[in-house]
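User: I would like to learn how to read salt bridges in a model. Please take me through some cases.

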Amino acid sequence: MRDPYQVLGVNPNATDDEVKKAYRELAKKYHPDTYVGNPLADLAAEKMKEINEAYDTITKQRASGNRSGGYSGGGNGYSGNTSGGSPLYRVRELLSANRVTEAETILSRIPNSERNAEWYFLMGHVMARKNWLGEARKYFEQACKMDPYNAEYRNTLNNMASHSTAGGYNTSARNDDCGGCDMCTGLLCANLLCNCCR
Amino acid sequence: MFGYIRPDMGELKTKHVGLYRSVYCGICRCSGKHISRFSRFLLNYDFVFLAVVRLALTGEKYVIKPRRCMVNFKKRGVMEPNEALKFTSAAFGALAYFKALDDLQDEKGFKRFSTRIFLPFFRRMAKKGEKMYPGISDTVKIPLEKLSALEAANCAVPDEAADSFAVLTADIASFGLEGDVSRVAKDMGYHIGRFVYLADALDDRYKDQKTQSYNPLNLAFGGAEGVDQNISFLRRTLLDSGAAISRSYALADGNSFDGIIYNIAGYGIEAAAEKVINKENSK
């Protein structure tokens, strides 16, 4: 493992606040939400893991007690709300396994009358994986139109236009969502969220 | 390529302005020395960005020396020829030749005549490029042939038409690279090509309508007026490519070119998009 201070880009003499600040900035930059549907999502997930490990190592080194910080990072998975046997569930599985062509074939076979908001959302993902961003945006917008209260669809659409925070173009309305976190991580994320809202 | 991708100089730090200019002058000198003096008159900003991306991703060491040239009598910092500059010059040579061949088939009148006159120069540029980087000609030729076929078939899905050109720039950007860096370069190259192709189609919407030339946006939206009615969607999808470049580069950043690349992916792309969008006023 690389030097954790090098990973976070801080000096070993940096204060706890400086370490925390560097960690937060990097966590925002590589957060899995920003890379949903992106062909490089797996690289972003690796970076996120490295950052979390570096932060954990530093905090453990500095405090005598255990402290497990960091976003859990949902990776490139698709949670969704479809049931196990449905074709859309299968499409989500295929997308998680990066089998985009097969996912597109299954989606194309679904008749127009059965195409719900989730169909448009998943088709948007297929297009985003192919880097056809215009088509992806059309499908995501249609999914949001059909199901305006779905946070997953809305976040994905918003994140399409979000730049890396390193460039100062962070226009996304990101939702730091932690699925399956332990209590400690959940509390830390809540704390981060509160700090962001100040 | 058409010179759409350039930084917003006003937003660039002074040190980055100097670095960017050194790449700009460096690629001009390098292509003059290694490809053809003729190529120096044709180079554009898109290739400077490609060179910057290659320099950033490969982490290649570079040397900048003060030099004069025929248009700048005052000495200014120029990047000495290196792998990234040589490769970009070679790729430009190949693209210029195959684009000229394509123009010979598609264009009429003076443009076709002038292309025919200069074709031997283009051929020489491509030959030199191929000699320096074997395989570069095929990298350019195959996607351009696919693009010509799509254009001949009047493809009305802009993303599908843009895909062929984007694959070309993706393959150029990632040529000879391996591993994660290659994937990042490919993704960045893809969105550079996608943006350039769609921005060019948007830029030419009235001209193409007048001359009844192929334009994927005119076909998709029912003419140049239809394109204007959907301009907010097109603005968003162009800026999405800038955002995608920025996100991809974030996975490999951390060098002296960060400021330039993030500036271009953000302000530069936005300014280029606005320029082609506002062309409706001067139809």
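Analyst: Start with exposure at one residue. A:Glu152 has a relative accessible area of 25%, so this residue is partly exposed. The classes are buried (under 20% relative accessible area), exposed (over 50%) and partly exposed in between, with a 1.4 Å probe and protein chains only. This is a predicted model: local features need pLDDT of at least 70, side-chain atom pairs count only at pLDDT 80 or more, and totals for chains, interfaces and linings use all residues. Residues are numbered from 1 along each chain as its sequence is written, chains are lettered from A and ligands numbered from 1 in the order written, and side-chain values use heavy atoms, without hydrogens and water.

User: Which residue meets A:Glu152 in a salt bridge?

Analyst: A salt bridge is a side-chain nitrogen of Lys or Arg within 4 Å of a carboxyl oxygen of Asp or Glu. Here the partner is A:Arg92, at 3.5 Å, N to O. A:Glu152 sits in helix 8 and A:Arg92 in helix 4 of chain A, 60 residues apart. Helices are DSSP runs (H or I, at least four residues), numbered from the N terminus. A:Arg92 is buried, at 3% relative accessibility.

User: Which chains does the salt bridge between B:Asp240 and A:Arg137 join?

Analyst: Chains A and B: B:Asp240 lies in helix 11 of chain B and A:Arg137 in helix 7 of chain A. Their closest N and O atoms are 2.7 Å apart. Both residues are buried. They also belong to a salt-bridge network with A:Glu141 and B:Arg236.

User: How many salt bridges are there over all chains?

Analyst: The whole structure holds 16.

Methods:
Helix = DSSP H or I, 4+ residues; strand = E, 2+ residues; numbered from the N terminus.
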